[in-house]
Amino acid sequence: MAMATNIRARIPASLLARSLSSASYLTEKLPEVPSPANPVIDLSDTQRLFASFPTASLLHSLANLSAMAAGPLVDVGVAALRAVLASEGQLLRAAAIGVARATVHRHFCAGEGFEDAGRAVAAMWEEQGLRSILDYGMEDAEDSAACDRNLAGFLRTVEMASSLPPSSASVCVKITAICPISLLERVSDLLRWEQQDPTLQLPWKTNSIPVLCDSSPLYLTRSAPHPLTEMEVCELQLALQRLSKICERCTEANIPLLIDAEYTSVQPAIDYFTYAAAVRFNHGDHPIVFGTIQAYLRDSKERMVNAVQAAEREGVSLGIKLVRGAYITREIKLASSLGAPSPVHPSIQETHHCFNSCASFMLENVRRGSGAVVLATHNVQSGQIAAKKAIEFGIGRDDRKLQFAQLMGMADGLTHGLRNAGFQVSKYVPFGPVEQVMPYLLRRAEENRGLLCTSIVDRRLIRKEIFRRLATAVAWRT
């Protein structure tokens, strides 16, 4: 769904029949989602929610979401794509990329080039009043040369964002794309060991905002790591300089920079990078640098509270992007292989509670004029709770210190419901050549497998609107 009004989808009759047939079947199988009393977000009027979506776009989305909700089908598709992309058969590889371009890339991405993404973002802002979080799709870097290439891509993304209408876009960056993974692992090991032994001296460490807390998982570092070598310290400084260049460009253009979270083996180093940049660049009322907290981790609330309070003491306005998290399978498997307790909450209910609790804490800070928060959620109840809390706290719906966000191609009903309620809403917008973005898309399919399987609200709302339009068309013709 690069942009609803720009899509010229041609839906074959066979696909239309299958979509409506599946829709009819799923109408009986999928439960209605309960609405809280006096909801702030109204999802009942699908005509208003999807006013800017052509019917062809809705059918395409319904077909994609229904297919991706079938777990076994996703597993087979991901495995097949990985096998084909790893093979040397050019024709087979080209065919696989073509299929990916027409399905998952089209659904989750805003195009292959900077111009495509810029047009989609501008149209989304002008026609739907939605902001965008631009993500130039890149995966982990293995060496400095790859980091420098990725840096150039990020800087070009900031340049493109600065040419768009003011306040219409922010940019996200992956630290794993501008610092070699091996170095992030080394830095994380040393930060974890420092948490266990506060007497440890880390001469390269510069910032004063805490990265870990008492409840953080430290099992990944079981013995004292060797200090960074002179070459590693040099590489670390180069990586910090890369992030600083991006921050400087964002500061000049007044564009927020959201730093993605990753898996626990490298997250301490990512937080170190994030908070070092925040200390340097976040001194106005509106923070430039936003870190990411993953609520499915047991230590997330404590880490977030410690960081926010330390930032306030330092006179730093800390921005937080709050998400549920995307590495649950990886985290559970890694902890199990090391004979350690999982760092993830044992149930989805506890993750929901943690997310809502963290959101409430950040909203209270925004009410007091401290920091800013991006609530990235596809969960309707969490959206309702946060929206209601914001109103209770007297936070203006046009206050840029509070934003909601959802992935492109997901939770469009919630996105437009929040927008219709007057809140600032962004879509997380990946873009880039299919071959370059494929690792991201495959990881998204694997890590969000459970999310896609539970896209009940998305599909129910789309089906309701499709049937409403069909009924209207039939009534008009008769």
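How many of the 15 residues of helix α10 are buried? The answer is 13, so α10 is mostly covered; buried here stands for under 20% relative accessible area, exposed for over 50%, and partly exposed for anything in between, with a 1.4 Å probe and protein chains only. The legends below start from the whole protein and then move in.

The model is predicted, so local features need pLDDT of at least 70 and side-chain atom pairs count only at pLDDT 80 or more, while totals for chains, interfaces and linings use all residues. Residues are numbered from 1 along each chain as its sequence is written, and side-chain values use heavy atoms, with hydrogens and water left out.

**Figure 1. The whole protein, with 18 helices and 8 strands.** Helices (H or I, at least four residues) and strands (E, at least two) are DSSP runs, numbered from the N terminus. Of the 478 residues, 55% count as buried. The accessible surface comes to about 20400 Å², and carbon and sulfur atoms hold 55% of that surface; the areas come from the Shrake-Rupley method with a 1.4 Å probe, and for residues only the protein chains shown count as cover. Take the contacts (heavy atoms within 4.5 Å) between residues at least 6 apart in sequence: 81% of them join residues at least 24 apart.

**Figure 2. A closed barrel of 8 strands.** Follow the order β1-β2-β3-β4-β5-β6-β7-β8, with parallel pairing; two strands pair if DSSP finds at least two bridges between them. On average, neighbouring strands of this sheet are turned by 30° against each other, direction ignored. Axes are lines fitted to C-alpha atoms, for helices over the stretch in contact, and angles run from 0 to 180 degrees between N-to-C directions.

**Figure 3. Strand β6 (residues 372–376), an enclosed member of the barrel.** Here 5 of the 5 residues are buried, so β6 is largely enclosed by the rest of the structure. Ala372, Val374 and Ala376 point one way from the strand, whereas Val373 and Leu375 point the other way. On one pairing, β5 and β6 run in the parallel sense over 4 bridges, and Gly319 has Ala372 as its bridge partner in β6. Strands β6 and β7 also pair in the parallel sense, over 4 bridges, with Leu402 in β7 as the partner of Val373. Helix α14 (residues 380–392) joins β6 and β7 in a right-handed β-α-β unit: with the strands pointing away from the viewer, the path from the first strand over the helix to the second runs clockwise.

**Figure 4. The pairing of β7 and β8, with a helix packed on the sheet.** Strand β7 (residues 402–407) and strand β8 (residues 425–431) pair in the parallel sense over 4 bridges. For Gln406, the bridge partner in β8 is Lys427. Helix α15 (residues 412–420) touches both β7 and β8, and its direction makes about 140° with that of β8.

**Figure 5. Helix α11 and its residue Lys301.** Helix α11 (residues 300–313) lies across β4 (289–294) and β5 (319–323), running at about 155° to β4. Lys301 counts as partly exposed, at 28% relative accessibility. Leaving out residues up to four places away in sequence, Lys301 touches Cys354, Ser357, Cys358 and Phe361. Look also for Ala359, which is 58 residues from Lys301 in sequence and 9.7 Å away in space, C-alpha to C-alpha.

**Figure 6. Helices α8 and α10.** Helix α8 (residues 181–196) has 16 residues and reaches 23 Å from its first C-alpha to its last, close to the 22 Å expected. The expected span is 1.5 Å times one less than the number of residues. Among the buried residues of α8 are Leu184, Val187, Leu191 and Trp193, and their cover includes α9 (230–253) and α10. Helix α10 (residues 267–281) reaches 21 Å over its 15 residues, close to the 21 Å expected.

**Figure 7. Two buried residues, Asp135 and Val437.** Asp135 sits in strand β1 (residues 131–136) and has a relative accessible area of 2%. Its contacts, not counting residues up to four places away in sequence, are Cys172, Tyr428, Val429, Pro430, Phe431 and Tyr440. Val437 belongs to helix α16 (residues 434–447), with a relative accessible area of 0%. Apart from neighbours within four places in sequence, Val437 is in contact with His105, Cys109, Gly137, Phe431 and Gly432. Val437 and Cys109 are 328 residues apart in sequence and 8.9 Å apart in space, C-alpha to C-alpha.
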